[in-house]
Amino acid sequence: MTDIVTVPTTPFEGQAPGTSGLRKKVRVFQQANYAENFIQSVFDVVKPQSDSRSSNAESHGAALVIGGDGRFHNRTVIQQAIRMAAANGYARVIVGQGGILSTPAASNVIRKYGASGGLILSASHNPGGPEEDLGIKYNIANGGPAPESVTGAILARTKEIDLWLTVDADDIDLDTPGEVTVGDMIVQVIDPVADYADLMEDLFDFDAIRKAVGSGFAMRFDAMSAVTGPYAVEILENRLGFAAGTVINGTPLEDFGGHHPDPNLIHAKDLYDLMMGPDAPDLGAASDGDGDRNLIIGRGRFVTPSDSLAMLAANIEIAPAYRGRLSGIARSMPTSAAADRVAEALGIPCFETPTGWKFFGTLLDAGMVTICGEESAGTGSDHVREKDGLWAVLLWLNILAARDISVDQLARTHWARFGRNYYARHDYEAVDSQAAAGLMAELNGALAALPGQQFGPLTVAHADSFAYTDPVDQSVSENQGIRVLFEDGSRVVFRLSGTGTQGATLRVYLERYEPVSGQLDADTGTMLEPQIAAAQAIAGIARHTGRSAPDVVT
Ligand code: VG1
Ligand code: CO
C-alpha cells in the first residue's frame, strides 16, 4: 500500500458549482488548496472507495475519467487530481492525451469505459490564460453533469472541509498514450479522439456526406483554437474527405489565441462575414472552448440555436441511428418555442427545463427525449449526456446531404410549415453584482402587478418566476428566471448567468412568433423592437445597471 498524505486545509468561500461547474479566475485556482479543496469535496461526496460498478476483472473499484479543454493551468490541476484520485481509492484513472478531452468526448468515455464519473476541466466559452478563467465540473456515471442533489452536497462539503488526501508521486507523462501507476492506481492515457470519432461514424451516414463532398459540397469549420480542432480534422478532413484546410484554428491553444472561444456572431465574426459574402462555402460552423456548443451558418443564412434545435428535431430521423426513434424533445426555458411546434406536429412530448445541461439527464436516461437543446448554442442527443458541438454539425451535414438541400432552403421550408420564432438574447456583462441582484429582486416584487399592464403594443398576460419539477425524480428547482408573457404570444425572460467569473451577467431573452401567414423573412432586430422596449421598461435595465445597450447580442 502506498502511503496516503493528509494535508490540512480550511474552507474557501464561494465554491458553489454554477450552471456548469465551478468557474473562477486562474489566479483564484492558483491559491494553495483551492482546487484541492473542491476536488476533495467531490470525492468526499461521491465516495469512490465504495463504488464497485466496474466489472473489469483486473480492476475492482471505481474508474475516474479526467479531461479538459486544454486551457492554461489545466495540466497542473490534472496532475494534482490524479494524485488525489489515487489517495481517495480510485482503482483507475482514464485521462486524455495531453489532458485533452472535449466535454462530449469525456461524456462518451465515462459511458464507454463504465467509469463512476469524471472531472472535466473547462471554463467552456470563457477566455483562457494566466489572467483568465478555469473551471472544474464533476460528471456522474451516466456521463452527464452532476444533478443539483450532488452539486448541493459538494457545496456543503466545501464549507466544512478540513483536509485533503494525496500520494507522494511525480507528475505523469500526459503526452504518451499507455498505462502507468500512481500509488496503487492505474492511469491510462488514451487517444482523446478515436472513441468519439468512432461513435460519430456509428450515428451518421458518412457515405452520404462523403458523396456530397465528392460532388462539391464545401464547408469551413472554425475550431477557435480550442479543443475540437483535433476532432474536427480527424472527422471532417480525414474520414469525410473535406479538403485540407476546411478546419481553421485547429490547434488547441492554452489561451485560445487571446480570443473568446465562443461560437456566436460576435466572436466568430470572420466566419459570419465569410458566410454572408460571395465566396461562402455551403456550410460554416464553429464550436466553443470545450466543444459542446455549435454555430451553424449556411450560405447567406444564420440559423439561431433555437431554430437549429427545431430543424434538427424535425429531420433527425434521416440519420441512421435515429430512424424511427424520436421519443421527445427537451429545451431549456429561455430557448424559443420553435421546437415545441415540431413536437406538436409530430405528436411527441416537449419538455421545458431550467438552463443547464444537467436538467436533461433524467429525461435522456428515462428515454423520454431523444434530442435536447439550449438557446446558448447547445444541441445534443441521447448518444452522450452533454451537449455536443460536432455532433450537431454532423447531423446538419447528414440532413443536408440526404435531402440535397441548402441551409437557406431548409430554413425557409421549415418556417413555411411551422411559422417562425424570431429570437435574440441581449447580455449585459460584468454588471455590478448588487445592482443585478437589485434588478432581479425588484422584478420579482413586481410580478403580481404585471398582468394587464401595457408596454407599447404589448399587454402582459402572465408573469412568473420559473420553477421546475423534474418529471422523472420529482426534484424541484426554483428561481430559474423571470418570464413575462404577452397576450400576442411573445415574451421576454430575465436571468442572471451562472457561469461568469466577473460581477454579474444579466441575460434578457426576447421572442416573438410569426405564423405561417406572417412575415417569415424579416430582420430579427426590427421584429423584436416592441419586446426590447418592453424589457427595458419592465426591468429598468438602464436605471439599475447604468448601461444603455447590451454588450453582446446573439
Ligand atoms: C450558459 C448558458 C447555458 C449553458 C451554460 C454552460 O449558462 O446560458 O445555456 O448550459 O452556459 O454552457 P449561464 O448560466 O451563463 O446562462 V458551456 O458551453 O459553458 O459548458
Ligand atoms: Co462549452
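Analyst: A donor here is an N, O or S atom within 2.8 Å of the metal, and water is not among the atoms, so a site may look incomplete. Keep that in mind as we read this predicted model.

User: Thanks! Which residues are the protein donors of the cobalt ion (ligand 2)?

Analyst: Start with the atom names, then turn to the distances. The cobalt ion (ligand 2) has protein donors from Ser124 (OG), Asp288 (OD), Asp290 (OD) and Asp292 (OD), and they lie 2.0 to 2.1 Å from the ion.

User: How are those donor residues spaced in sequence?

Analyst: The pattern reads S-x163-D-x1-D-x1-D. In it, 163 residues separate the serine from the first aspartate, and one residue stands between each aspartate and the next.

User: Are Asp290 and Asp292 buried or exposed?

Analyst: Both Asp290 and Asp292 are buried.

User: Let's move to the other ligand. Which residues surround ligand 1 most closely?

Analyst: A shell is read by its members first, then by their character. Ligand 1 has 21 residues around it, with Thr19, Ser124, Gly498, Thr499 and Arg507 the closest. Ser124 also supplies a donor to the cobalt ion (ligand 2). As for character, the shell holds eleven charged residues, ten polar ones and no nonpolar ones.

User: What polar contacts should I look at there?

Analyst: Try two side chains and one backbone. The side chain of Arg507 places an N or O atom 2.6 Å from an oxygen atom of ligand 1. For the side chain of Arg495, the distance from an N or O atom to a ligand 1 oxygen is 2.7 Å. Gly498 takes part through a backbone N or O atom, 2.6 Å from an oxygen of ligand 1.

User: Where does ligand 1 sit?

Analyst: Ligand 1 occupies the largest cavity, whose volume is about 240 Å³. Its lining has 24 residues, and Thr19, Arg293, Ser376, Lys387 and Thr499 come closest to the centre. That lining comprises three nonpolar, ten polar and eleven charged residues.

User: How many cavities of 30 Å³ or more are there?

Analyst: The count is four. The second largest has about 100 Å³ of space. It is lined by 14 residues, with Pro17, Gly21, Lys137, Tyr138 and Thr151 closest to its centre.

Technical notes
Residues numbered from 1 in each chain as written. Chains lettered and ligands numbered in written order. Predicted model: local features only at pLDDT ≥ 70, side-chain atom pairs only at ≥ 80, totals over all residues. Heavy atoms only, no water. Near = heavy atom within 4 Å. Polar contact = N/O pair within 3.5 Å; in protein donor to acceptor, adjacent residues only side chain to side chain. 1 Å grid on protein atoms, 1.4 Å probe; cavity = no way out; pocket = protein on both sides within 12 Å on 5 of 7 lines; lining within 4 Å. Sits in = over half its atoms within 2 Å of the grid points. Nonpolar A, V, L, I, M, F, W, Y, C, P; charged D, E, K, R; others polar. Donors = N, O, S within 2.8 Å, 3.2 Å for Na, K, Ca; no water. Buried < 20%, exposed > 50% of the residue type's maximum accessible area, 1.4 Å probe, protein only. Points joined across faces, edges and corners; volume = space filled by probe spheres on them.
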